[in-house]
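User: I would like to learn how to read a model in which protein and DNA come together. Could you take me through it step by step?

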There are 2 protein chains.
Amino acid sequence: MDKAEQLDRISEQLQAAGYKLTAQRSATVAVILDHAQAHLSAEQIFMATKEVVPEIGLATVYRTLEMLTELHVLNKVRFIEDGMTHYDLCETDHDHHFHHHLLCLQCGAIEEIHTDLLPAVEQQVHDDYTFAVLYHRLTFHGI
Amino acid sequence: MDKAEQLDRISEQLQAAGYKLTAQRSATVAVILDHAQAHLSAEQIFMATKEVVPEIGLATVYRTLEMLTELHVLNKVRFIEDGMTHYDLCETDHDHHFHHHLLCLQCGAIEEIHTDLLPAVEQQVHDDYTFAVLYHRLTFHGI
DNA sequence: TTAGGTGCAAATCTTTTGCAGAAAG
DNA sequence: CTTTCTGCAAAAGATTTGCACCTAA
């Protein structure tokens, strides 16, 4: 699935949910798709979107990001290392289970793993702690 | 190891690192030990410490918390659910590998698991991604 | 005695909100 | 047309910092 296709799909999702399709929203989504693996912060998304729609305001970006999060298009992520929220694209399907982070303590780079490493572990948690795991969040710190 | 003993140990660590042992710092550490499993926020630690040392200021608590984090007495944790940093005690030994969270999406309760579930997974990450895992951060969300 | 610590208030930083004008459906 | 969006500026909430006064060692 290429970017244009994804953009269309997300646009449809927006409209299906009763939201209007504005230039600001399309541009914001396009920026996010352009940096799919980059875990941008709101500020970074704002800056990049401004290149395309110069009159956009930061508040609009925050509102769009919030909206996309509610629609499960985006995931919010917070690393202790910096004070802000980062956003990353939910891979359409079972993202909740197939997505972890590698964070380099030396260069700050963030990479993703899309292999599910934890099914056995989740089963164990379920059995030992009477806890229904809906999703998990896993970050490895290292070099 | 009981609380008094832990407090002594941490006090020694502070002094060994060249910090002075003040009433505010002892009281703050005591509060943290009293709520060892509670993942308190700075504000909560401040409130509780104020009961013992009423003249303490929030800024001092933040400074102490920062200091304890640098000394690896505490760990900072951020959940997407609320905007603030929570602090939890590093279990003296190999906390980095033996500590995960269960977060209940219904009642908001946070529990800890002290079993290391991931050694096999870390090995795999190391092999597949040329990545030296120093520590990881894992939260399960569910009911 | 003196370097480091403290409380307070002001500053900062990220995110949210109120509102009057603009635009999508 | 009408409901939803938008940009701006102001507000809010968490954390940090500057400074003059304390205090542990």
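Analyst: Let us begin with the surface near DNA strand C, which by class has eight nonpolar, six polar and six charged residues. Please keep in mind throughout that this is a predicted model.

User: Which residues are the closest to DNA strand C, and which element gives the most to the surface near that strand?

Analyst: DNA strand C is surrounded by 20 residues, and the closest of them are A:Tyr62, A:Thr85, B:Thr22, B:Ile56 and B:Thr60. At least two residues of this surface come from each of helix H4 (58-70) of chain A, helix H2 (23-34) of chain B and helix H4 (58-70) of chain B, and H4(A) gives the most, with four residues.

User: What share of the atoms of DNA strand C within 4 Å of the protein belongs to sugar or phosphate?

Analyst: Sugar or phosphate accounts for 70% of those atoms, while the rest belong to bases. Some of the pairs can be followed atom by atom: an N or O atom in the side chain of A:Tyr62 is 2.3 Å from a phosphate oxygen of DNA strand C, and for the side chain of B:Thr22 the corresponding distance to a phosphate oxygen is 2.5 Å. With B:Glu55 it is a polar backbone atom that lies 3.1 Å from a phosphate oxygen of this strand.

User: Which residues come nearest to DNA strand D?

Analyst: Of the 20 residues around DNA strand D, the nearest are A:Lys20, A:Thr22, A:Ile56, A:Thr60 and B:Tyr62. The side chain of A:Lys20 places an N or O atom 2.6 Å from a base oxygen of DNA strand D, whereas the side chain of B:Tyr62 has such an atom 2.3 Å from a phosphate oxygen, and a backbone N or O atom of B:Thr85 lies 2.9 Å from a phosphate oxygen of the strand. Two or more residues of the surface near this strand come from each of helix H2 (23-34) and H4 of chain A and H4 of chain B, and H4(B) gives the most, with four residues.

User: Now for the protein chains themselves: how is the size of an interface expressed?

Analyst: It is often given as the accessible area lost when the parts come together. Here, the area buried between chain A and chain B is about 3100 Å², with 68% of it given by carbon and sulfur atoms. Of the area that chain A buries against chain B, 21% is supplied by A:Arg78, A:Ile80 and A:Phe131, more than by any other three residues.

User: How many salt bridges are counted between chain A and chain B, and which elements of chain A give two or more residues to the side that touches chain B?

Analyst: The count of salt bridges between the two chains is zero. The elements are strand S1 (74-78), strand S3 (100-104), helix H5 (119-129) and strand S5 (133-142) of chain A; S5(A) gives the most, with ten residues. This side of chain A has 21 nonpolar, eight polar and six charged residues.

User: How are two copies of a chain related?

Analyst: In general, they are related by a rotation about an axis and a shift along it. In this model, a turn of 179° and a shift of 0.0 Å along the axis lay chain A on chain B with an RMSD of 0.1 Å, which is the relation of a two-fold axis. In chain A, the C-alpha nearest the axis belongs to A:Leu138, at 2.2 Å from it. The same surface serves both copies, and 100% of the contact residues of chain A recur in chain B.

Note on methods: Residues numbered from 1 in each chain as written. Chains lettered and ligands numbered in written order. Predicted model: local features only at pLDDT ≥ 70, side-chain atom pairs only at ≥ 80, totals over all residues. Heavy atoms only, no water. Buried area = accessible area lost by both parts, 1.4 Å probe. Salt bridge = Lys/Arg side-chain N within 4 Å of Asp/Glu carboxyl O. Nonpolar A, V, L, I, M, F, W, Y, C, P; charged D, E, K, R; others polar. Least-squares fit on C-alpha atoms with pLDDT ≥ 70 in both. Contact = heavy atoms within 4.5 Å. Near = heavy atom within 4 Å. Polar contact = N/O pair within 3.5 Å; in protein donor to acceptor, adjacent residues only side chain to side chain.
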